[in-house]
Amino acid sequence: MAQVKAIIFDKTGTLTLGMPVVHDIQSVEELDPKILTYAAALEQLSTHPTAQAIVRKASERGLAFSKLEVKDVVEISGSGIVGFVNGAEVAVGNMELMQKYGCNCEKIVEFYKMEEHTAVCISVNKIGEASVCFT
C-alpha cells in the first residue's frame, strides 16, 4: 500500500459487481409499470451494461416487455437509445439526449441532477417520466 499512487473508484458498480444494477427508479408519482416495460422493450436491443440492467429489473418485476412491438430504434453512442414501442416514442438516456429530442423533463430533472450515481432518464412521447439510478 505504501507504493500506491492512485485509486480509481467505479461509480456504477461494474468493477465491484461485474455489472451495473438498478438501485432506484424515481418518478414524481408512483411509477406506472408501463414506463419500465417500454424502456426494457427498447433496451433489450442494446448491449450496453446499463441497458442490460434495465432489462434485468423489468424481468425481475415480471414485466412482459419482449411481447411489445419495437420499431425504428437508433442507439446514440454515449447518449442513449430512442425508438418506438407500441407506437409510443421512447427515449432512454442522459439529459443531453432528452434535450436533443425535445423531451420535457421538468418532472424528473431534479432527481437526475441530485443522483450521485450513474442515472438515465426515460421519456415516453417526449415527456420525462422517470430517472433510473445505477450502482
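In what order do the elements of the chain run from the N terminus on? In this predicted model, the order is β-α-α-β-β-β-α-α-β-β. The chain thus described holds four helices and six strands. The radius of gyration is 15 Å, and the globule rule gives 14 Å for 135 residues; the two values are close, so the chain is as compact as a globular protein of that length. Along the principal axes, the C-alpha atoms fill a box of roughly 60 × 30 × 30 Å.

Of the 135 residues in the chain, 44% are buried. The accessible surface amounts to about 7800 Å², and carbon and sulfur atoms account for 52% of this surface. Among contacts between residues at least 6 apart in sequence, 52% join residues at least 24 apart. The chain carries 12 positive and 17 negative charges, and the mean positions of these two sets are 4 Å apart.

Strand β1 spans residues 22-26 and includes V22. The relative accessible area of V22 is 7%, so V22 is classed as buried. Beyond its neighbours within four places in sequence, V22 is in contact with A53, I54 and K57, and also with V132, C133 and F134. A separation of 8.6 Å is found between the C-alpha atoms of V22 and R56, which are 34 residues apart along the chain.

Helix α1, made up of residues 33-43, is mostly covered, with nine of its eleven residues buried. The buried residues of α1 are I35, L36, T37, Y38, A39, A40, A41, L42 and E43. An α-helix has 3.6 residues a turn, so residues three or four places apart point the same way. Within helix α1, A40 has a relative accessible area of 0% and is therefore counted as buried. Apart from neighbours within four places in sequence, the contacts of A40 are with I54, V55, A58 and F65. I54 is also one of the residues in contact with V22. Between A40 and I25, 15 residues apart in sequence, the C-alpha to C-alpha distance is 13 Å.

Strand β6 covers residues 127-134 and contains S131. S131 is buried because its relative accessibility is 0%. Leaving out residues up to four places away in sequence, S131 touches D24, I25 and Q26, along with I108, F111, Y112, A119, V120 and C121.

The count of disulfides comes to zero. For C105, the closest cysteine sulfur is that of C121; the two sulfur atoms are 5.2 Å apart, which is too far for a bond, since a disulfide requires sulfur atoms within 2.5 Å. C105 has a relative accessible area of 8% and is therefore buried. C133 is likewise in no disulfide, and its nearest cysteine sulfur, again that of C121, lies 9.2 Å away. With a relative accessible area of 0%, C133 is buried. C133 is also among the contacts of V22, and C121 is among the residues touched by S131.

Key. Residues are numbered from 1 along each chain as its sequence is written. This is a predicted model: local features need pLDDT of at least 70, side-chain atom pairs count only at pLDDT 80 or more; totals for chains, interfaces and linings use all residues. Side-chain values use heavy atoms; hydrogens and water are left out. Helices (H or I, at least four residues) and strands (E, at least two) are DSSP runs, numbered from the N terminus. The radius of gyration is taken over C-alpha atoms; the globule rule is 2.2 Å times the number of residues to the power 0.38. Buried means under 20% relative accessible area, exposed over 50%, partly exposed in between (1.4 Å probe, protein chains only). Contact means heavy atoms within 4.5 Å. Accessible areas come from the Shrake-Rupley method with a 1.4 Å probe; for residues, only the protein chains shown count as cover. Lys and Arg count as positive and Asp and Glu as negative; His and the chain ends are not counted. The place of a charge is taken as NZ of Lys, CZ of Arg, CG of Asp or CD of Glu.
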